[in-house]
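Let's take a walk through this fold together, starting with its empty space and moving on to the backbone and the aromatic side chains. Keep the viewer open as you read.

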Amino acid sequence: MSKIIGKVLSSSPENITVLLESLEVLETNKNELQVGQYLKIADGNNNYIVSNVNNIKALEYDVINNLKLIIETQPIGLLTEDKFSRGVNNLPVPTEPAYVLEKRDLDKIYGVSAEYNFPMGVLSQNNQVEVKINGDKFFGKHIAIVGSTGAGKSNTVAKILQSTVGINNSENLNIKSQKNSHIIIFDIHSEYGSAFSLPSEQNFTLNQLTVENLKLPYWLMNSEELESLFIESGDNNSHNQISMFKNAVILNKERHNSEFKDITYDTPVYFDINEVFNYIENMNREVIGKLEGENCPKLKDGTLVIDRKLYYFTDVFDFVSQSTSKDAKATNGPFYGEFNRFLSRFETKLKDKRLNYIIKPTKENGDLLKTDDFEEIIKQFLGYLTKANVTIIDLSGIPFEVLSISVSLVSRLIFDFSFHYSKIQHSKNLLNDIPILLVCEEAHNYIPRLGGAEYKSSKKSIERIAKEGRKYGLSLMVVSQRPSEVSETVFAQCNNFVSLRLTNQTDQSYIKNLLPEGTKDIGNILPNLSLGESIIVGDSIIMPTIVKMDKPNPEPKSQSIEFSKEWNNQWKEIEFKDVIKRWRKEEIADVVEKDELLIQ
C-alpha cells in the first residue's frame with residue numbers, strides 16, 4: 001500500500017485541497033508532486049479519486065521547521081479495484097488520506113484494451129507508461145491541434161498521421177495489405193511531402209497535388225466562389241456585375257449542357273468562362289438600332305441581333321455608333337460602358353498564368369476538363385487515381401488572393417462526395433465505408449475568426465464540415481499556431497484537443513475556455529510544456545494527459561533558417577537578378593490588376 005502523503009483539507013467538484021504531512025514528504029516525493037502530476041485520494045468507499053495537481057503553496061512561511069504545505073488538485077475520475085472511469089460521484093470528506101499515484105495505478109488507467117488501441121506516445125511524467133487513445137473516437141470526431149511556432153506542431157501532426165497509415169521509422173507496416181484510410185492535407189508551407197515519402201521498396205504511394213498538376217476547374221465553383229474570384233465585392237456597381245455575370249453563366253451552362261434540365265447558377269456542369277466574358281463585353285458595348293422595325297441590338301455590319309445568346313457568346317462584336325440622325329438613329333444599350341472596370345479585371349484574371357489550374361485545367365492529352373470528367377476530378381483528391389492513402393494539396397504555390405476559393409472548392413467537393421456516397425450506402429442498409437480525414441494546416445489563414453468577404457466561401461465550406469461532416473464519414477483536423485484567430489464555429493465542434501506549448505496569453509485563455517468542464521485547470525500548464533509535449537483532452541482519451549511523442553520518421557521538411565549558423569558565415573553575395581525575375585513572375589498579375597491595366 002502507498003504511503004500517505006497528506007489528508008484532505010477541503011473538497012468541491014472543481015477542487016480538492018490536500019494538506020501535506022510535512023516538508024519532508026515534499027522533499028521525498030518532489031518528482032511525483034509537480035504540477036501536472038496525479039494524486040489518488042480515498043473517497044471513503046474503498047475507492048480512489050484520481051486528481052490532477054494544479055498548485056502547490058506554503059502556509060505560515062515563518063515556521064521554517066514545520067512548514068505547512070497544501071496541494072490544490074482537480075478531480076478527474078474514479079479508480080476502483082479493477083478499472084478507471086471518468087467523472088466523480090462521491091467527493092472525499094476532510095481527513096481522508098491522499099497518496100501519490102504509482103506506476104501500477106498508471107498501468108491500470110492506461111493499460112492496453114480493445115477500446116484504447118491507438119498509440120500516442122508516453123506519459124510525460126513517466127516514460128515507462130505508454131499512452132493509447134480510442135482511435136474511433138479520435139478520428140471519428142473533429143480534432144484540434146494547436147501550438148506556438150517551434151513547439152513541435154508539424155512533427156506532432158506528421159507522427160499522428162504516420163501512425164494512422166502505418167508508417168514507422170521509414171517503413172510501411174501495411175506493405176502487404178493497404179488500409180482504407182483517406183487523408184487529405186492542406187499544406188500551406190510545402191512541408192509534409194517529405195514526411196510521407198518512403199523508399200520505393202516500401203511500396204507506399206503519396207498523392208501530391210501542386211499548382212502544376214492540381215485540377216480545380218472554375219465551372220465546379222458555386223455562386224459565392226465564382227463571385228469571389230471574378231467580382232470586386234467593394235465596387236459600387238457590384239450588384240449589377242453579379243446580376244449580369246449570373247445570367248451569362250446560366251445561359252452558357254445551358255448552351256453546353258443541353259442534356260440537362262433545370263440548370264441553375266450552382267449546377268456543377270461545364271461552361272466556357274471566355275464565352276461568358278464575350279457575352280458581358282458585348283452587353284457593355286451594345287447599341288440599339290432605332291430605325292423603323294429594328295429596336296434591337298445592331299452590329300456594325302448592319303446585322304440585327306434578335307437573340308443575344310446565339311451571338312454574344314461566340315465573339316466580341318463591333319456595334320453601330322450611337323446617333324440621333326434620322327437615317328442612322330441608334331442609342332446606347334442599357335449597360336453601355338457600365339462594366340469597363342469589371343471587364344478589365346475579368347480579362348486580367350483570364351490571362352493570369354498562375355490561375356491556369358482553375359481557368360485552363362486540362363487532361364493529359366491537352367483537352368479541357370468538362371462535365372464528363374467530373375469523376376476524374378474527384379478521384380484526384382481521394383487518392384483513387386494513384387491508390388494513395390495520403391493526398392497532400394500543396395498550397396504554397398497558390399496565389400494568396402485565390403487561396404480561400406481553392407480551399408473552399410476542394411472542401412465542398414469532398415463534403416458533397418461524402419454526403420452522396422453515404423446516402424447511397426444508407427439506401428442499401430450499409431454504412432459509409434470511405435472514411436476521410438481533412439487536415440487544415442495553418443487554419444487561421446483561410447478560416448479566420450474575423451475576416452472580410454474574401455474568406456466567406458472557405459469559412460462556409462469548412463464550417464459546414466465541422467457541423468455536419470461527421471455524419472457522413474468526414475472528419476476535420478484543425479491545426480493552428482493562433483487558435484484565437486480561428487473560426488469559433490469550427491473549434492466549438494472539436495471533441496478532441498492536442499495542445500502543445502502556447503506562449504500567447506490570448507491563445508491560452510481561448511483554448512482553456514474550449515476545454516470540457518472539469519479539465520480547464522490543466523490548461524494552466526500550456527506555456528510550460530517542453531518541445532514535443534502536448535496536453536491531450538477529449539472523448540478519445542481516458543483522462544486529460546500530458547504526452548511526450550516520438551519524432552516522426554521521416555520528418556516534415558522545416559523551412560526554418562539556421563540564423564546562428566548563417567550569421568557566423570562569411571559575407572555572401574547573391575544573384576539579385578534571379579530573385580527579381582521570380583518576383584516579377586509571381587507578382588505581375590497583382591500589380592497589373594491594382595493599376596487596372598491589361599496583360600498584353
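**A walk through the model**

Seven elements each supply at least two residues to the lining of the largest pocket: strand 8 (118-123), helix 3 (135-139), helix 4 (153-165), strand 11 (167-168), strand 13 (182-187), strand 19 (436-440) and strand 20 (474-480). Bear in mind that you're looking at a predicted model. How many residues line the largest pocket, and which of them lie nearest its centre? The lining has 41 residues, and the ones nearest the centre are F118, G135, D136, F139 and T164. By character, the lining residues split into 17 nonpolar, 16 polar and eight charged. The space inside the largest pocket comes to about 980 Å³. As for how one finds such a space, rolling a probe the size of a water molecule over the atoms shows where empty space is left.

Now zoom out. The chain has 600 residues, and 50% of them are buried. It carries 17 helices and 23 strands, and its C-alpha trace spans about 115 × 65 × 50 Å along the principal axes.

Next, a few backbone spots. As background, most residues other than glycine have a negative phi, and most peptide bonds are trans. With that in mind, go to N46, where phi is positive, near 65°, in a residue other than glycine. You'll find N46 in the loop between strand 3 (38-42) and strand 4 (48-59). Is N46 buried or exposed? Its relative accessibility is 75%, so N46 counts as exposed.

E442 also goes against the general habit, with a positive phi of about 50° although it isn't a glycine. E442 belongs to the loop between strand 19 and helix 13 (456-468). Here the relative accessible area is 5%, under the 20% cut-off, so E442 is buried.

The peptide bond to look at is the one from N553 to P554, which is cis, with omega near 5°. P554 sits in the loop between strand 23 (545-548) and helix 16 (563-567).

Staying with the backbone, find the open sheet of three strands, whose order is 16-15-17 with antiparallel pairing. Its edges are strand 16 (296-297) and strand 17 (330-332), each of which pairs on one side only. Strand 15 (residues 287-289) pairs with strand 16 in the antiparallel sense over two bridges, and you can see I288 standing opposite P297 in strand 16.

On to the rings. Searching the whole structure turns up 23 aromatic pairs. Take Y48 and Y99: the ring centres are 5.9 Å apart and the planes meet at 80°, so this pair is edge-to-face. The pair ties together distant parts of the chain, with Y48 in strand 4 and Y99 in strand 7 (residues 97-100), 51 residues apart. Y99 has 8% relative accessibility, so it counts as buried.

For a stacked pair, look at F415 and F419, at 6.5 Å centre to centre with 15° between the planes. These two are four residues apart in helix 12 (residues 403-427), about one turn of the helix. How do they sit with respect to the surface? F415 counts as buried at 2% relative accessibility, whereas F419 is partly exposed, with a relative accessible area of 24%.

Go back to Y48 and Y99 for a moment, because a lysine joins the picture there: K40 lies over the face of Y48, at 4.8 Å from the ring centre. K40 also lies over the face of Y99, at 5.9 Å from that ring centre.

There's a bigger group of rings to pick out as well: ring pairs link F230, F245, F277, F335, F339, F342 and F346 into a cluster.

One last stop is K360, in the loop between helix 10 (356-359) and helix 11 (374-382). Its relative accessibility is 46%, so K360 counts as partly exposed. Which distance separates the C-alpha atoms of K360 and Y218? They are 8.6 Å apart in space, although 142 residues apart along the chain.

How values were computed: Residues are numbered from 1 along each chain as its sequence is written. This is a predicted model: local features need pLDDT of at least 70, side-chain atom pairs count only at pLDDT 80 or more; totals for chains, interfaces and linings use all residues. Side-chain values use heavy atoms; hydrogens and water are left out. On a 1 Å grid over the protein atoms alone, a cavity is a set of points where a 1.4 Å probe fits but cannot get out, and a pocket is an open set with protein on both sides within 12 Å along at least five of seven lines; lining residues have an atom within 4 Å of a point. Grid points are joined across faces, edges and corners, and a volume is the space filled by probe spheres set on the points. Ala, Val, Leu, Ile, Met, Phe, Trp, Tyr, Cys and Pro count as nonpolar, Asp, Glu, Lys and Arg as charged, and the others, Gly among them, as polar. Buried means under 20% relative accessible area, exposed over 50%, partly exposed in between (1.4 Å probe, protein chains only). Two strands pair if DSSP finds at least two bridges between them. Rings of Phe, Tyr and Trp (its six-membered ring) pair if their centres lie within 6.5 Å; planes under 30 degrees apart count as stacked, over 60 as edge-to-face and the rest as tilted. A charge sits over a ring if NZ of Lys or CZ of Arg is within 6 Å of the ring centre and within 35 degrees of the ring normal.
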